[in-house]
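Thanks for passing this one along. Here are my notes, set out as numbered points so that you can follow them with the structure open beside you.

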Amino acid sequence: MNYFIYILINNIVPISIMIAIGATIYRAFKIDIRTLSKLNFYVFSPAIVFTKLYESEMSLSVLMQVLLFFVIFFSLLFAIIEIIVRVQKHQRGMRVAMRNSVIFYNSANYALPLNQTVFAGNAYTLSIQIIIMIMQTLIPNTYGIYALNAHRASWKATMRTILSLPVIYIIPLAMLLRYFHVPVPESIHLPISYIANAFMATALLTLGVQLGAMKWEFHFSNVLLSNLLRLAVGPLLGFFVVWLLGLYGLTAKALILSCAVPTSLSSVLLAIEYENEAEFSSQAVFTSTLFSMITIPIVIYFLDWV
């Protein structure tokens, strides 16, 4: 019950308020959603990635364990979704949107505070979640963009789009600076921190603007399927992979918890930026965030069994 109340007060309520503000602003001023999307892709996302990577601490052994888990987990989850969307014979656009709504999950502004709450600020579990966050930042900005553009642009044009994204360069830059302990001048670090701190607010306002612009014609079967795969199949698969790899203790618990969080805002930003099932993607993020209030406490309860 304590976890239920915590998630409600500290995750669901603040997120819902920001989304409601975004929807209200759209209704009042008809804000351009594409401009907000550009800001998220080219300004706020790179800043938060740089900040989290540069300030994190992780050992090589932990890095390799987590990467192995992530590769197996991601591959299995991808295969399960691919089978389902092909059996259901979705159109290509919906196949990509459904896939993105499940394989891209909120490993930053939802999972990081959740990790620190569940594990009482443990630095080790935080380093695990940061590695997951890195992967969940890299994949949407590479594979995610490729999947959305492969059918309507040449391979070269798609690669130009991917290589134009700052986050592709920010990840290795931040890791190199951290590894070699290169200090970032305060005059540069301070504005980056300001921008990074604005990421969550801007992303949630963007989601709210998108929701405010929607017709709200719910396709319950698709949205609920996405929620089921993300919030139920995801953590169950996480339990299976840690068992498969023989992981236990804090490592296993942190990895399983990382699989249980709702759909990432990146799926919405991709859908808006590349005009692909934006309404479905927004609904999937919104509903999975609400339903996670029920599913995550259940996952936390079963972590004691690991």
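**Notes on the predicted model**

1. Let me begin with helix 11, which covers residues 199–213. At 1.5 Å a residue, its 15 residues should span 21 Å, and the C-alpha atoms at its ends are 21 Å apart, so the expected and computed lengths agree. Please keep in mind that this is a predicted model.

2. How much of helix 11 is buried? Of its 15 residues, 11 are buried, so the helix is largely enclosed by the rest of the structure. The buried set runs from F199 through T202, A203 and L204 to T206, L207, G208, V209, Q210, L211 and G212.

3. Helix 14 (265–273) is also mostly covered, with nine of its nine residues buried. They are L265, S266, S267, V268, L269, L270, A271, I272 and E273. A charged residue, E273, is thus among the buried residues of this helix.

4. Next, the enclosed space. The structure holds two cavities of 30 Å³ or more, and the largest cavity contains about 340 Å³ of space. Which residues lie nearest the centre of the largest cavity? They are S45, T137, F199, S264 and S266, out of 22 lining residues. Two of these names have come up already: F199 is one of the buried residues of helix 11, and S266 is one of the buried residues of helix 14.

5. As for which elements build that lining, helix 2, helix 6, helix 7 (140–149) and helix 14 each give two or more residues to the largest cavity. Helix 2 gives the most, with five residues. By class, the lining has 12 nonpolar, nine polar and one charged residues, which may be handy if you plan to look at the character of this space.

6. Helix 6 (residues 123–138) also holds Q136. Is Q136 buried or exposed? With 5% relative accessibility, under the 20% cut-off, Q136 counts as buried. Its side chain reaches the backbone nitrogen of Y105 at 3.1 Å. Leaving aside residues up to four places away in sequence, Q136 touches F70, I103, F104, Y105 and S107, so Y105 appears both as a contact and as the partner of that side chain.

7. Two backbone angles deserve a look. Most residues other than glycine have a negative phi. K30, which is not a glycine, has a positive phi of about 55 degrees. K30 sits in the loop between helix 1 (2–29) and helix 2 (33–55). With a relative accessible area of 52%, K30 is over the 50% cut-off and therefore exposed.

8. The other angle belongs to H181, again not a glycine, with a positive phi of about 55 degrees. Where is H181 placed? The loop between helix 9 (167–179) and helix 10 (186–197) holds H181. H181 is exposed because its relative accessible area is 69%, over the cut-off of 50%.

9. Last, a residue in helix 15 (residues 278–303): I294. I294 has 48% relative accessibility, which lies between the 20% and 50% cut-offs, so I294 counts as partly exposed. How far is I294 from R160? Their C-alpha atoms are separated by 42 Å, and the two residues are 134 residues apart along the chain.

Definitions and conventions
Residues are numbered from 1 along each chain as its sequence is written. This is a predicted model: local features need pLDDT of at least 70, side-chain atom pairs count only at pLDDT 80 or more; totals for chains, interfaces and linings use all residues. Side-chain values use heavy atoms; hydrogens and water are left out. Helices (H or I, at least four residues) and strands (E, at least two) are DSSP runs, numbered from the N terminus. Buried means under 20% relative accessible area, exposed over 50%, partly exposed in between (1.4 Å probe, protein chains only). A polar contact is a pair of N or O atoms within 3.5 Å; within protein, one must be able to donate a hydrogen and the other to accept it, and residues adjacent in sequence count only if both atoms are side-chain atoms. Contact means heavy atoms within 4.5 Å. The expected span of a helix is 1.5 Å times one less than its number of residues. On a 1 Å grid over the protein atoms alone, a cavity is a set of points where a 1.4 Å probe fits but cannot get out, and a pocket is an open set with protein on both sides within 12 Å along at least five of seven lines; lining residues have an atom within 4 Å of a point. Grid points are joined across faces, edges and corners, and a volume is the space filled by probe spheres set on the points.
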